[in-house]
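I opened a fresh page for this one and went through it a piece at a time. Here is what I looked up, in the order I wrote it down.

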Amino acid sequence: MKGGHELENINLVKSAIKGDEKAFETLVKGESEKLYKTAFLYVGNKEDALDILQETIYKAFISIQQVKQPEFFNTWLTKILIRTAYDLLRKKKKIILDENIMNNFITDNPQDIEGKIDLISAISMLNNDYQTAIILYYYRDLSIRSIAETMEKPENTVKTYLHRAKIELKKTLKGVNKYEQRTFS
Amino acid sequence: MNKEHFRKELSKVEFPKEDVFDVISKGIAQGRKEKITKQKVKLKRIGMLLSGAASTFLASGLIFAPITNVLASVPVIGSIYEKFSLQIGHELLESNLVTQLNQQATSNGVHITITSAYYDGNVIGITFKAEGKKISLDSIGDKGPETGYAFHLFDGDEQKQWSGSMTVLEETTDGYVGAMEFYSSDADLPTNFTLPLTFTSITGIKGVWKFDVPVEQIPLETIQSQAESILKEEDYSLKMESVVKGKATTLLKYKTTSPLVGKDDSIEITVFDNEGNRLSKNHADVLSTGSYNGIIEKDIRELFSSKINGNAKFLIIQPIINRYEKDTVKSMGQRTPFMVESSRFNYKIMVEKIEQNGEQLILDYSVLNVNTDTIKKDNLQNFADFIMVIKSENIHRDKNGELDMNKTINYTIRSNRAEVKEGGDLHFQSTFEIEDGVDYQDYSLMVPFGTLSLKEDIKMEPIKVYLK
């Protein structure tokens with residue numbers, strides 16, 4: 001089943017490369033949930049995730065002819081999304097640092113810590129490379145090799161990213177738990 | 001943490017489908033706007049992509065090329081090609097065929113240096129670096145193009161620009177660096193050439209940085225051929241003229257013919273060598289177009305961004321015809337049921353029912369004469385999704401009576417999504433929102449039969465071109 005569907009997708013990709021706008025729209029709509037959630041994982045909020053998505057679609061639309069191998073359309077689209085997410089995060093970096101995100105989470109909503117710093121929020125606090133490695137591995141289900149290709153980094157580097165990202169995530173999540181225990185004890 | 005846990009967490013994140021579809025439409029509209037302006041003004045520049053993201057993916061397979069001695073001796077250039085995965089530059093650098101340059105120009109406190117250049121086939125590539133206190137990628141904002149720099153070739157006349165690819169500007173310890181690749185669309189390719197290149201802005205800083213970049217073409221080997229593939233009775237043909245072997249590129253010159261009715265058709269080729277290595281497609285230039293006795297003839301030169309393997313004995317060229325037709329327009333001012341038929345193909349839709357409630361217009365129709373073996377469910381859905389309505393007075397035609405899509409497209413109304421109705425996959429219902437108080441009979445239907453024919457491409461007989 002999966003194979004057949006992918007084959008049809010390849011036909012759509014080919015049409016899209018040739019300039020068939022309709023095929024392009026069908027393709028990205030088909031991928032839209034994955035794309036949106038991937039973007040969400042970087043930024044942790046709806047507005048920014050939608051911004052990233054729109055920018056990604058725009059960039060992909062004007063450069064679709066560059067796709068040389070239709071079977072790599074999704075990888076290509078994901079790469080654009082990642083880069084766009086990085087750009088947005090870079091622009092927002094200063095603001096985030098100033099606001100001190102952790103403090104805000106804790107002081108604004110002391111009763112809602114568990115809901116706030118869940119796994120998803122913790123991921124949006126990781127550095128970009130760690131985020132990408134985690135997202136592609138756990139959510140997009142890519143192999144280490146494919147992640148390496150998408151990130152244009154050696155496989156060993158990707159493994160290191162994954163390893164360190166997991167340690168950081170644990171730390172963040174555990175930190176919250178400790179805080180939680182203190183409040184309730 | 002495992003994948004399942006992760007997915008479970010993520011499934012808690014709401015998927016705002018309507019908002020998402022809305023930004024997708026906006027992104028496409030934004031891109032379409034840019035494409036249309038570009039097509040109008042920059043006829044020859046359609047392939048020049050300003051998206052940094054895109055140029056990074058020029059070479060999908062070539063990401064971890066080994067660092068050779070040559071690369072090590074010219075770290076800056078090497079890392080630029082490697083960083084941006086520019087396949088042609090990378091390949092040539094490894095064979096020591098990239099010339100190092102050191103041409104500098106200064107304007108507004110910013111120094112730009114052309115650091116290297118090459119010329120293979122019809123491809124000219126350069127790398128450059130920019131230095132200066134004022135340069136900052138953070139300050140681009142809305143001021144400059146997304147790549148971080150702007151430039152033109154020759155005197156800046158839009159008609160003279162070549163297509164190409166460019167990378168984004170990247171910050172390195174050695175300044176801000178970037179690379180560009182241009183594809184000459186001239187029929188004659190001189191062996192010595194001077195490329196007049198002018199930068200006009202760097203990270204939003206305006207200025208004039210003028211260069212005349214001297215390049216010498218890497219010697220080429222040309223193999224003549226007369227192999228051809230003809231589709232009998234249909235006036236389609238592809239006749240090879242030559243294969244030009246570059247060091248990192250290959251140019252194929254050929255002539256195609258198509259019948260007048262297929263003037264929007266394209267013949268695409270896929271090229272393999274006898275060992276199964278595929279040449280990676282780059283882009284094709286139509287050097288000339290003529291029409292004789294109802295047949296359209298085109299002279300084409302197509303660039304491949306890979307070289308032909310030294311051991312290859314012959315190339316196998318597979319031409320495929322993609323037939324296209326512009327949207328068929330039909331007024332809705334008639335009694336149902338009625339047919340909308342493609343004038344070129346057998347495809348039809350039968351409009352069974354039209355219902356109007358104020359501004360809501362509901363259309364019931366069946367798609368007829370499609371071969372569901374070649375045209376799949378997805379394709380049909382895609383076709384139905386793009387059946388549009390338009391107020392008849394807003395339909396623009398050119399002087400030959402053909403639909404002028406650029407002028408018409410702003411008035412078209414899409415349905416949210418065509419729903420498959422009971423009674424088979426070929427029966428659809430689309431709902432449109434039209435102007436309140438206007439009778440649907442003042443509207444027309446636009447039916448994109450061309451999207452169906454593109455799915456039914458025609459394979460021509462493959463051609464062999466012997467290389468030795």
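**Entry 1: a glycine in a loop.** I needed the burial cut-offs to begin with: buried is under 20% relative accessible area, exposed is over 50%, and partly exposed lies in between. I also noted that this is a predicted model. My starting residue was B:G358, which sits in the loop between β20 (348-357) and β21 (360-368) of chain B. B:G358 has 38% relative accessibility, so I entered this glycine as partly exposed. I then checked a partner distant in sequence: B:Y440 is 82 residues away from B:G358 along the chain, yet their C-alpha atoms are 9.7 Å apart in space.

**Entry 2: a threonine in a strand.** Next I turned to B:T115, which belongs to strand β2 (residues 110-120) of chain B. I put B:T115 down as buried because its relative accessibility is 11%. What does its side chain meet? I found a polar contact of 2.7 Å between the side chains of B:T115 and B:T127.

**Entry 3: the two chains in outline.** Chain A gave me 11 helices and zero strands, so to speak a short tally to write down. Chain B, for its part, has nine helices and 27 strands. I looked up burial too: 48% of the 185 residues of chain A count as buried, and for the 468 residues of chain B the figure is 51%. For chain A, I took the contacts between residues at least 6 apart in sequence and found that 64% of them join residues at least 24 apart. In chain B, residues 24 or more positions apart make up 64% of the contacts with a separation of 6 or more.

**Entry 4: the nonpolar cores.** Which residues have the most contacts inside the largest nonpolar core? This core has 64 residues, and I listed A:F24, A:Y36, A:L41, A:W76, A:I123, A:I134 and B:F6 as those with the most contacts inside it. Apart from that one lies another core, of 32 residues, including B:I112, B:A130, B:W162 and B:L169. I picked A:I123 for a closer look. Setting aside neighbours within four places in sequence, A:I123 touches A:L41, A:Q131, A:I134, A:I135, A:L169 and, from chain B, B:F6. As background, I jotted down that nonpolar side chains in soluble globular proteins tend to be buried together.

**Entry 5: where the chains meet.** I counted this one from both sides: 62 residues of chain B are in contact with 58 residues of chain A. The area buried between the two chains is about 5,900 Å², and carbon and sulfur atoms give 62% of that area. How many salt bridges does the rule find across the interface of chain B and chain A? The rule finds five. One salt bridge that I looked up joins the side chains of B:R32 and A:E21, at 2.8 Å from N to O. Polar contacts between chain B and chain A come to seven residue pairs, with both residues at pLDDT 80 or more.

I then asked which elements of chain B give two or more residues to the side that touches chain A. They are α1 (3-11), α2 (17-41), α3 (52-55), β15 (281-292) and α7 (377-385). The most comes from α2(B), with 14 residues. By class, I noted 24 nonpolar, 18 polar and 20 charged residues on the side of chain B that touches chain A.

Note on methods: Residues numbered from 1 in each chain as written. Chains lettered and ligands numbered in written order. Predicted model: local features only at pLDDT ≥ 70, side-chain atom pairs only at ≥ 80, totals over all residues. Heavy atoms only, no water. Core = buried A, V, L, I, M, F, W, Y, C linked by side-chain atoms within 4.5 Å. Buried < 20%, exposed > 50% of the residue type's maximum accessible area, 1.4 Å probe, protein only. Contact = heavy atoms within 4.5 Å. Buried area = accessible area lost by both parts, 1.4 Å probe. Salt bridge = Lys/Arg side-chain N within 4 Å of Asp/Glu carboxyl O. Polar contact = N/O pair within 3.5 Å; in protein donor to acceptor, adjacent residues only side chain to side chain. Helix = DSSP H or I, 4+ residues; strand = E, 2+ residues; numbered from the N terminus. Nonpolar A, V, L, I, M, F, W, Y, C, P; charged D, E, K, R; others polar.
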